[in-house]
Structure formats: C-alpha cells, structure tokens
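Trainee: Can you walk me through this one? I'd like to start with the rings.

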Amino acid sequence: MTPSPTPLLTVRDLTVDYYDQVNPVHAVRGVDLTLHRGETLGIVGESGCGKSTLVTAVTRLLRPPAVTTAGSVVLHPRDGAPVDLLRLTERELNTLRWEKIAVVLQSAMNALNPVMRLGTQFTDVLRRHRGLSKRAAQERAAELLAMVGIPADRLRSYAHELSGGMRQRATIALALACDPDLVVMDEPTTAVDVVMQRQILRQVARLKAELGFSVVFITHDLSLLIEIADRIAVMYAGEVVETGPARRLYTDPRHPYTAALRGAFPPLHGPRREIAGIPGSPPGLRTPPTGCAFHPRCPHRFAPCDHQTPVPTDDEHGTVACHLLAGPAPTTREDGRHART
Ligand code: SF4
C-alpha cells in the first residue's frame, strides 16, 4: 500500500522531564513528528537518546518520575474527530487503547501475562473491546495467531512454553486484535536472533500492507530500519536532529550524527564497508553540552557549534538541525532548546 499523505499522528513540541529531588532531567526536548496513514516511521538513536521515553509519552504510558511537561499528541482516527491524547482522561484513553493504538514492547515475556494461557489473553481483549462471544473470540484468536504463523493449539500454552520468536510474534498478533490504526513497536526484535528478526520484519510489512495500519518502529539499528521504514527520525540527546525518507537518509545522511550512526552498523545490502564506532559517549541529559549537543563528538564542528543551538530547517529532503546546512542559528531560546519553525 502506498503511504498516503493524510496525517494519523501529529506530535508538536513534546517535552518530557524526569523529576528527582534535585533538578529535572530533560529527556525529550521539543520534538515535532508527523506519522502519515499507512506509513512506517522509524525512530533511531543510541541508548539513552530518549526514543523510548518519547513513545511512552506519545502512548501515555509514562510512569513517575517521568512527566510530560509540554506539547501535544494529536491522533486523527479514521472515524471521528482529531483528539489530543495528552488531554484525555484515563477512561477516555482506555476506549482508544487496543482499538486505535496498540503497543508491542521490547520484551514479550513482560508484555504477556505469565500465569494466563495465551488464549485467555486474546479472548479477554476481544470480548472486552470487540464484544465477541467466547466462541467467536476463540475463533478470532486462532485467526490472529495464524496471521503470524503460529498454530492454533498454542492458544493453550503459557508464555514460558513458547520460544522467544514465537512469544514476540504472539504479542504482535495480540496488538492487531482490534484492528488498530497505529501500532507502536519498541525494539520488538532486540531479544531474538537475526533469522527470527528478519521473519518478524517481513511479517510486520506483510500485515501492514494487508491491514493498512501505521507503525512507529523504534530501534538503535539504522540498517534495520532501512528494511522496514518509509521515513526515519534520528534522535540525539532528547531531540530529533534529522528526519527524512528512509532511503535518502541512509544513502545521503545530512546530519553528522546520522552519518556516524550509519557507519557504526554493517550494511544489510550492497558492498561491504568498514564499521566505525562513534567516538565518545552520548551526553548525560542532566547537563547536556551547550550549543549543538553532538558537538563534543562531531568531526565537523566549527565556530558556532559549542554555543549556538542549531534550528531545525525543512526542505524537500526532510528536516535537519545542523549549522553546516542552515548556517549559524540567528536566534536561540534562552533555555537552549531549538526555536520552533
Ligand atoms: Fe556538528 Fe556543528 Fe552540525 Fe552539531 S551543528 S552536528 S557540531 S557541524
């Protein structure tokens, strides 16, 4: 299915802080993203860049001490008016969960209830959210498992009786139980081997084409995103530093961090190339570097980089926040965050 330009989710100026007894830690800083209908948006960055915090804020799954302090997350459902998820009550949210938005977590063992058979977990969701009879829910559960290549007799199994790959595929089937508009996948293939990883990615792509849902896919592996994403957003130190079409971003990265990230993973296709780690470490978010947060590790840093925050600029290739492309930022907010465009 060709992605349509109709937005399904618009995230604007989203900011998340972790509060402790000292000062807030800015884990997500002024993020803007748009996900279109039928599209897969990949979010990539090193551990601690804020990508998982971002999606837990978007799906309203944040737990203290994390707090969303600013921004909006507007869902444009197929049927009905747009809603800002951040303004909904828990009760209102519960009507959207499973039916409009579903989440696949990194660890299927944590996502599945260890003391309930798989079948019970599927039928609970289907009866509650779809109002199916017990028999109809059992039949639908078997269909859902079949979609990810798991035989129906596994509905009698507990999570610990399944292999890691099977568990992860079962959580994907469960996420699709109520035909959601949006499926958020947080590193869904991290705990499985590369063969299973490819199988799962192929299944997700096939199901997305068949059912028409949109995907937000989080990973630290940029090469893997090329396999599945239509567009990619690259995060560093709590901010989105580059967005663009997946293939362009991979073949012609414009932000030095995107280029460094690409160089740190082996290509899945094409000629072999030398792998190079990114020197240094991601910055602590309690006291991130001034100016461009990547400047201590950037091989291209120049005069303005250590004191002026680059403003994200848009063009036909995407969005990038780097002085190399935009020139020195004329204005920077006093709190050091990007000025909005
Ligand atoms: Fe490197 Fe400067 Fe661009 Fe930051 S703004 S990525 S330090 S060139």
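Mentor: We take the aromatic pairs, then a charge over a ring.

Mentor: The model is predicted, so to speak for local features pLDDT must be at least 70, side-chain atom pairs count only at pLDDT 80 or more, and totals for chains, interfaces and linings use all residues. Residues are numbered from 1 along each chain as its sequence is written, and side-chain values use heavy atoms, without hydrogens and water.

Trainee: How many aromatic pairs are there?

Mentor: The count is 3. Rings of Phe, Tyr and Trp (its six-membered ring) pair if their centres lie within 6.5 Å; planes under 30 degrees apart are stacked, over 60 edge-to-face, the rest tilted. One of them is Y236 with Y257, tilted, at 4.6 Å centre to centre and 55° between the planes.

Trainee: Where do Y236 and Y257 sit?

Mentor: Y236 is in strand β9 (residues 231–236) and Y257 in helix α10 (residues 256–263), 21 residues apart. Helices (H or I, at least four residues) and strands (E, at least two) are DSSP runs, numbered from the N terminus.

Trainee: Is Y236 buried or exposed?

Mentor: Buried, at 4% relative accessible area. Buried means under 20%, exposed over 50%, partly exposed in between (1.4 Å probe, protein chains only). Y257 is buried too, at 0%.

Trainee: Why is the pair of Y236 and F294 edge-to-face?

Mentor: Because their planes are at 80°, with centres 5.1 Å apart. F294 lies in the loop between α10 and β11 (313–315), 58 residues from Y236. Y236, Y257 and F294 form one aromatic cluster.

Trainee: New topic. Which ring does the charged end of R262 sit over?

Mentor: That of Y250, 6.0 Å from its centre. The rule wants NZ of Lys or CZ of Arg within 6 Å of the ring centre and within 35 degrees of the ring normal.
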